[in-house]
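Biologist: I would like to learn how to read a structure of this kind before I rely on it at the bench. Could we go through it feature by feature?

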Amino acid sequence: MITPFSIAHLPRIEFGSGAVRKLPDIAATFGRHMLLVTGARSFSALPQGAALLDRLHKRGLDWQTVQIAGEPSPEAVDDAVRRFASTAIDAVIGIGGGSALDAAKAIAGLLVPGNSVMDHLDGIGPQKPYGGPATPFIAVPTTAGTGSEATKNAVLSRLGPDGFKKSFRDDALVAQVALLDPDLLASCPPALIAANGMDALTQLLESYVSTRANPMTDALALSGLAAVRDGLIVWYEAGDTAAEARERMAYAALLSGICLAQTGLGSVHGIASPLGAFFPIPHGVACGTLLAAATRTNIEAMESREPHNPALAKYAQVARVLTGRASGGGPEDRRDLVRLLDTWTQRLALPRLAELGVASGDVARIVAASRGSSMKTNPVVLTDDEIGEVVAARL
Ligand code: NAD
């Protein structure tokens with residue numbers, strides 16, 4: 001029996017080597033005046049950047065630019081909205097990693113309404129409903145990890161002891177067009193490939209075992225996991241010569257975003273949220289370093305108190321996909337999965353949390369701040385002690 005489910009709307013998706021050449025024609029369907037939101041350095045470092053601007057110009061488009069340094073803050077979004085609220089903007093184009101895309105998504109959402117993004121963040125402040133209208137948003141990712149090109153949320157952070165990492169979320173924020181050109185990823189250095197790849201892998205795995213998973217997202221998540229199996233380590237080790245592996249990871253990241261927008265996530269993202277708010281830890285690094293430990297804890301918690309939880313069979317299925325081995329679907333497969341994730345964590349040189357400034361005295365406040373929206377769709381309700389064990393295991 002197929003349980004009832006719904007899929008919220010998706011962007012129009014253009015995927016493939018050279019796809020970025022379609023950007024001027026696609027953008028022109030929305031009008032002439034663009035707001036280009038990029039990272040602080042990533043766009044100028046893109047070999048394709050200058051040619052792209054030339055093509056936009058030749059297509060008769062004009063643009064203003066906003067550069068976002070680091071992972072975006074509510075203040076960066078509000079500043080851009082204030083600067084451009086009275087300018088005629090027909091579409092917002094975000095080109096960059098998840099940071100630039102999330103900033104572009106939030107700015108596109110608020111250019112017309114003009115209010116502060118703090119009004120709408122999940123779990124903090126007044127949490128007012130968002131009424132739109134959103135300015136059309138075109139997402140052009142240059143990293144393969146966040147899937148932000150397909151999600152309805154923009155993650156914004158304020159760093160520090162009272163910091164937070166929260167989402168501005170609404171169906172109306174989904175990009176009109178996601179333009180994925182794997183060639184734009186050729187300049188990603190290995191550490192970025194590793195962190196982003198583990199982010200995509202985490203999103204696929206957490207969507208697949210989420211309490212809100214459905215048959216359609218399961219099919220997409222499994223396809224994405226197979227792409228990670230064939231792409232991640234090959235791309236990380238071979239670098240920019242591994243065009244096919246790079247394409248697989250761009251595809252995996254896209255699917256991870258499509259899935260997470262429908263199903264929510266799990267304990268890794270629950271813990272990554274305070275880690276990224278209290279410490280300057282890039283999001284993909286936080287996810288990557290926690291994934292094996294959190295998977296082990298989820299599995300052990302279910303084996304000991306919910307042996308019939310359907311997520312146990314799903315973890316075994318993921319082991320079969322990622323190892324490529326046929327097997328019986330039992331506890332041994334789940335051990336294999338955790339061993340494989342541990343091995344990848346080491347091969348991808350993901351740092352331990354202690355190297356990133358986290359100490360054992362920080363565990364309690366990380367646990368206390370970990371029960372945001374992602375934790376709610378974890379396949380098993382973890383105790384505070386179990387969440388603390390995940391963090392402590394990675395110190
Ligand atoms: P990022 O956008 O912060 O970029 C990391 C670094 O990589 C930057 O220095 C950037 O300049 C550089 N970079 C980007 N593209 C490059 C390229 N092609 N070549 C060389 N360098 C390049 O990193 P990210 O991991 O893509 O995004 C992280 C952000 O995305 C976090 O804020 C995270 O919370 C958010 N996120 C959002 C969602 C969502 O659904 N909206 C999902 C997961 C993560």
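Modeller: We shall take the ligand site, then the salt bridges, and then a few single residues. This is a predicted model, in which local features need pLDDT of at least 70 and side-chain atom pairs count only at pLDDT 80 or more, while totals for chains, interfaces and linings use all residues. Residues are numbered from 1 along each chain as its sequence is written, and side-chain values use heavy atoms, with hydrogens and water left out.

Biologist: Which residues come nearest to the ligand?

Modeller: A residue is near a molecule if one of its heavy atoms lies within 4 Å of it. Of the 25 residues around the ligand, those that come nearest are G98, S99, T142, T143 and N196.

Biologist: Which atom of the ligand lies 3.2 Å from a backbone N or O atom of L184?

Modeller: A polar contact is a pair of N or O atoms within 3.5 Å; within protein, one must be able to donate a hydrogen and the other to accept it, and residues adjacent in sequence count only if both atoms are side-chain atoms. For L184, the partner is a nitrogen atom of the ligand. An oxygen atom of the ligand lies 2.6 Å from a polar side-chain atom of S99, and an oxygen atom of the ligand is 3.4 Å from an N or O atom in the side chain of K165. The ligand taken alone exposes 870 Å², of which the protein buries 86%; such areas come from the Shrake-Rupley method with a 1.4 Å probe, and for residues only the protein chains shown count as cover. Two or more residues of the shell around the ligand come from each of helix 5 (98-110), strand 6 and helix 6 (190-209), where helices (H or I, at least four residues) and strands (E, at least two) are DSSP runs, numbered from the N terminus.

Biologist: How many salt bridges are there?

Modeller: A salt bridge is a side-chain nitrogen of Lys or Arg within 4 Å of a carboxyl oxygen of Asp or Glu, and the count by this rule comes to 26. In one of them, the side chains of E75 and R158 meet at 2.4 Å, N to O. Because E75 lies in helix 4 (residues 74-84) and R158 in strand 6, this pair ties together parts that are 83 residues apart in sequence.

Biologist: Is R246 buried or exposed?

Modeller: Buried means under 20% relative accessible area, exposed over 50%, and partly exposed in between (1.4 Å probe, protein chains only). R246 counts as buried because its relative accessibility is 6%. Its side chain meets that of D183 in a salt bridge (3.8 Å, N to O), and D183 is partly exposed, with a relative accessible area of 26%.

Biologist: Where is the place of N153, and which residues does N153 touch beyond those up to four places away in sequence?

Modeller: N153 is found in strand 6 (residues 153-158), and at 9% relative accessibility N153 counts as buried. Contact means heavy atoms within 4.5 Å, and, leaving aside residues up to four places away in sequence, N153 touches D102, K105, S167, F168, R169 and L260. The side chain of N153 also makes a polar contact with the side chain of T151, at 3.2 Å.
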